[in-house]
Amino acid sequence: MTTAPDRAPNSSVLPAILNRWSPRAFQPESISKEELLSLIDAGRWAPSAYNMQPWRFIYARRGTAEWERFLSWLIPFNQSWAENASAIIYVASQTITLSSRTGEPSPLPTHAFDAGAAAVLIQIQAAHNGWATHPVSGFDHALVHAGLELPEEYELHAAIIVGRQGNIETLPEALQKREAPSDRNALNEISSEGRWNASTQTNID
């Protein structure tokens, strides 16, 4: 798997974090259920509010009966490169729970934050194990929700495409130009001490 040593050569950030990026070129290689679950297991250890662990990961592996169905829910652009991947993991989280005090339904306001933290750990573990990942939001949410038979109180967030990084030449020319680790905003553009710094605001055109 291609690493990103030049992303931040003077950074003290863990290499496992710096080397994680989101390619689209994959080899059409299978992944065993045991190997895939070893990646998902990393997400199990994410922090969550009150240890509610609201995340759920529903997956399909290349070569199994569910693969084409999971792939078909992606938008055509994502299907065009994800078809060579090894697995698709849909990420969802529980939005409400039963209150321990009243027994009534109670919102889980941090469910998306918690699920995102778990999803990141899966991607870092995958990179460590030699697998590439590419999270996407481009899929038919209604079809996926129904197809996965998710309960009403669960919300879909993303799909994580998993596979062995492949040859860049398998991609269309336009995508080949984008097949490289991306840069990040400067630290002083995303953080400020004490109060909001207007210079950190992202402009929306």
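A nonpolar core is a set of buried Ala, Val, Leu, Ile, Met, Phe, Trp, Tyr and Cys residues joined through side-chain atoms within 4.5 Å. Keep that in mind for the first stop. The model on your screen is predicted.

**Stop 1: the largest core**

Select L74, I88, Y90, L148, L156 and I161. The largest nonpolar core has 26 residues, and these six touch the most other members. Now colour the elements that give two or more residues to this core: helices α3 (67-72) and α4 (76-82), then strands β3 (87-94), β6 (132-136) and β7 (154-165). Which element gives the most? Strand β7 does, with four residues. Such a core fits a broader pattern: in soluble globular proteins, nonpolar side chains tend to be buried together.

Zoom in on L156. What does L156 touch, leaving aside residues up to four places away in sequence? Its contacts include Y90, V91 and A92. Further along the chain, L156 also touches F139, H141, V144, H145, L148 and L150. Two of these contacts, Y90 and L148, are also among the six residues you selected at the start.

**Stop 2: a second core**

Clear the selection. Pick I40, F57, I122 and A126. They are among the 18 residues of a second core, separate from the one you just left.

**Stop 3: the salt bridges**

How many salt bridges are there? The count comes to three. Visit each in turn.

Start with E29 and R164. Their side chains meet in a salt bridge, at 3.3 Å from N to O. Where do the two partners sit? E29 is in the loop between β1 (26-27) and α2 (33-43), and R164 is in strand β7. The pair links distant parts of the chain, 135 residues apart. Are these residues buried or exposed? E29 has a relative accessible area of 28%, so it is partly exposed. R164 is partly exposed too, because its relative accessibility is 24%.

Next, select D41 and R44. They form a salt bridge, with the closest N and O atoms 2.6 Å apart. R44 counts as partly exposed, at 46% relative accessible area. D41 is partly exposed as well, at 31%.

Finish with E66 and R69. Here, too, the closest N and O atoms of the salt bridge are 2.6 Å apart. R69 has a relative accessible area of 33%, so it is partly exposed. E66, at 35%, is also partly exposed.

**Stop 4: S48**

Move to S48, in the loop between α2 and β2 (55-61). Is S48 buried or exposed? Buried means under 20% relative accessible area. S48 is at 16%, so it counts as buried. Show its neighbours: S48 touches Q53, P54, W55 and D114, with residues up to four places away in sequence left out.

**Stop 5: a nonpolar patch on the surface**

Switch to a surface view. Select V13, L14 and I17. These three form a nonpolar patch, with about 250 Å² of accessible area together. Look at V13 by itself. V13 lies in the segment before α1 (15-18). Its relative accessibility is 35%, so V13 counts as partly exposed.

**Stop 6: the annotated domain**

Zoom out and select residues 17-164. UniProt, in an unreviewed entry, places the feature "domain: Nitroreductase" here. Over residues 17-164, the chain is 34% helix and 26% strand. Now mark the C-alpha atoms at the two ends of that range. They are 18 Å apart. You have already met one end: I17 belongs to the nonpolar patch. The other end is R164, the salt-bridge partner of E29.

Methods:
Residues numbered from 1 in each chain as written. Predicted model: local features only at pLDDT ≥ 70, side-chain atom pairs only at ≥ 80, totals over all residues. Heavy atoms only, no water. UniProt positions renumbered as here; feature names shortened; annotations may be inferred. Patch = residues over 30% accessible without salt bridge, like charges linked within 9 Å, V, L, I, M, F, W, Y side chains within 5 Å. Areas by Shrake-Rupley, 256 points an atom, 1.4 Å probe, with all protein chains shown as cover. Salt bridge = Lys/Arg side-chain N within 4 Å of Asp/Glu carboxyl O. Buried < 20%, exposed > 50% of the residue type's maximum accessible area, 1.4 Å probe, protein only. Contact = heavy atoms within 4.5 Å.
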